[in-house]
Structures are given as structure tokens and as C-alpha cells.
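Hi everyone, thanks for making the time today. I'd like to walk you through the side-chain pairings and packing in one structure, so let's bring it up on the screen.

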Amino acid sequence: MSSAQDGPIWVNGTVTNFDAETNSVTIRHDAIEELQWPAMETTFAVRANLKNHAFQYDRPIEFAISKGSDKRFSLVDLRDVKDQASKTAPADTVGAVEK
């Protein structure tokens, strides 16, 4: 099938909303060819490793989604767009306050 079975899918986008109550994040993203999804806004559950992450709105990011055992895609990693050239590099924290 697609790379969704092999590992995370990396996509460019921007965070538009975070809901701490449901632990979900809404991201406006580019088309995801591997899934045949058009460019759109999607809400993803946030995996535990990002639960305490400070999401910054409207800042360009590259994010990774992965299909869980519940057959839904969840946000598993993210980093600033400046780091997209090296997907093996450690992810940068997208802070709530820009310095």
C-alpha cells in the first residue's frame, strides 16, 4: 500500500488550533499524495510524546503523521520548516513564545 504502513508520513503545514481537552491539533496542510488527500485542514490526535508540546499557530512546520491501531492518523512529530532538508535530524521544539 502506501508509506503509511512503513512509517510516518511527513507533510508541510501550519497549526490553526489546539484543543487541550481532547488532546487534538488542527493543521492546515499541503496535499498528502501517499493518502490521496487534497490540501485541507485536518484535526489529528496528538501522540503522548507531544502531549505537553507548546503549539504555535500560523508558523510553517513540517509534521509527521502515523496510522495507529485504531486505524486513525495521529500527529507523531513536528519541527520548524527550516529543518525539512534533514529528516533524520532531531526535531526542533515549536515554542509557544517566539524569542
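Before I point at anything, one definition: when I say two residues touch, or are in contact, I mean that they have heavy atoms within 4.5 Å of each other. Please also keep in mind that this is a predicted model.

Let's start with T14, which you will find in strand 1. Is T14 buried or exposed? With a relative accessibility of 14%, T14 counts as buried, because the cut-off for buried is under 20%. Setting aside residues up to four places away in sequence, T14 touches T26, I27, R28, D58, R59, P60 and I61. Hold on to R28, D58 and R59 from that list, as they come back in a moment.

Now to the charges. Side chains of opposite charge can pair when their charged atoms come close. How many salt bridges does the structure hold? There are three.

One of them joins D58 to R28, with 3.9 Å between the closest N and O atoms. This pair connects distant parts of the chain, 30 residues apart: D58 belongs to the loop between strand 3 (40-46) and strand 4 (60-67), while R28 is in strand 2 (residues 24-29). D58 is exposed, at 55% relative accessible area, whereas R28 is partly exposed, at 43%.

Next comes R59, which forms a salt bridge with D80; here the closest N and O atoms are 3.4 Å apart. Again, distant parts of the chain are linked: R59 is in the loop between strand 3 and strand 4, and D80 is in strand 5 (residues 73-80), 21 residues apart. R59 counts as partly exposed at 24% relative accessibility, and D80 counts as buried at 7%.

The remaining bridge is between the side chains of R79 and E62, at 3.0 Å from N to O. R79 sits in strand 5 and E62 in strand 4, a separation of 17 residues. Are these two buried or exposed? Both R79 and E62 are buried. R79 has another partner as well: its charged end sits over the ring of W10, 3.9 Å from the ring centre.

That brings us to the aromatics. Searching the whole structure turns up four aromatic pairs. One of these is W37 with F73, in an edge-to-face arrangement, with 5.6 Å from centre to centre and 80° between the planes. W37 lies in the loop between strand 2 and strand 3 and F73 in strand 5, so this pair ties together parts of the chain 36 residues apart in sequence. W37 counts as partly exposed, at 23% relative accessibility, and F73 counts as buried, at 14%. If you zoom out a little, W37 and F73 join F44 and F63 in one aromatic cluster.

Finally, the nonpolar core. The largest one has 17 residues, and the members that touch the most others are I27, F63, I65 and L75. Which elements give two or more residues to this core? They are strand 1 (9-19), strand 2, strand 3, strand 4 and strand 5. For a closer look, take I65: leaving out neighbours within four places in sequence, its contacts are P8, I9, I32, L35, W37, F44, F73, S74, L75 and V76. Notice that W37, F44 and F73 are among them, and those three belong to the aromatic cluster I just showed you.

That's my tour; I'm happy to take questions.

Key: Residues numbered from 1 in each chain as written. Predicted model: local features only at pLDDT ≥ 70, side-chain atom pairs only at ≥ 80, totals over all residues. Heavy atoms only, no water. Salt bridge = Lys/Arg side-chain N within 4 Å of Asp/Glu carboxyl O. Helix = DSSP H or I, 4+ residues; strand = E, 2+ residues; numbered from the N terminus. Buried < 20%, exposed > 50% of the residue type's maximum accessible area, 1.4 Å probe, protein only. Phe/Tyr/Trp six-rings, centres within 6.5 Å; stacked < 30°, edge-to-face > 60°. Lys NZ or Arg CZ within 6 Å of the ring centre and 35° of its normal. Core = buried A, V, L, I, M, F, W, Y, C linked by side-chain atoms within 4.5 Å.
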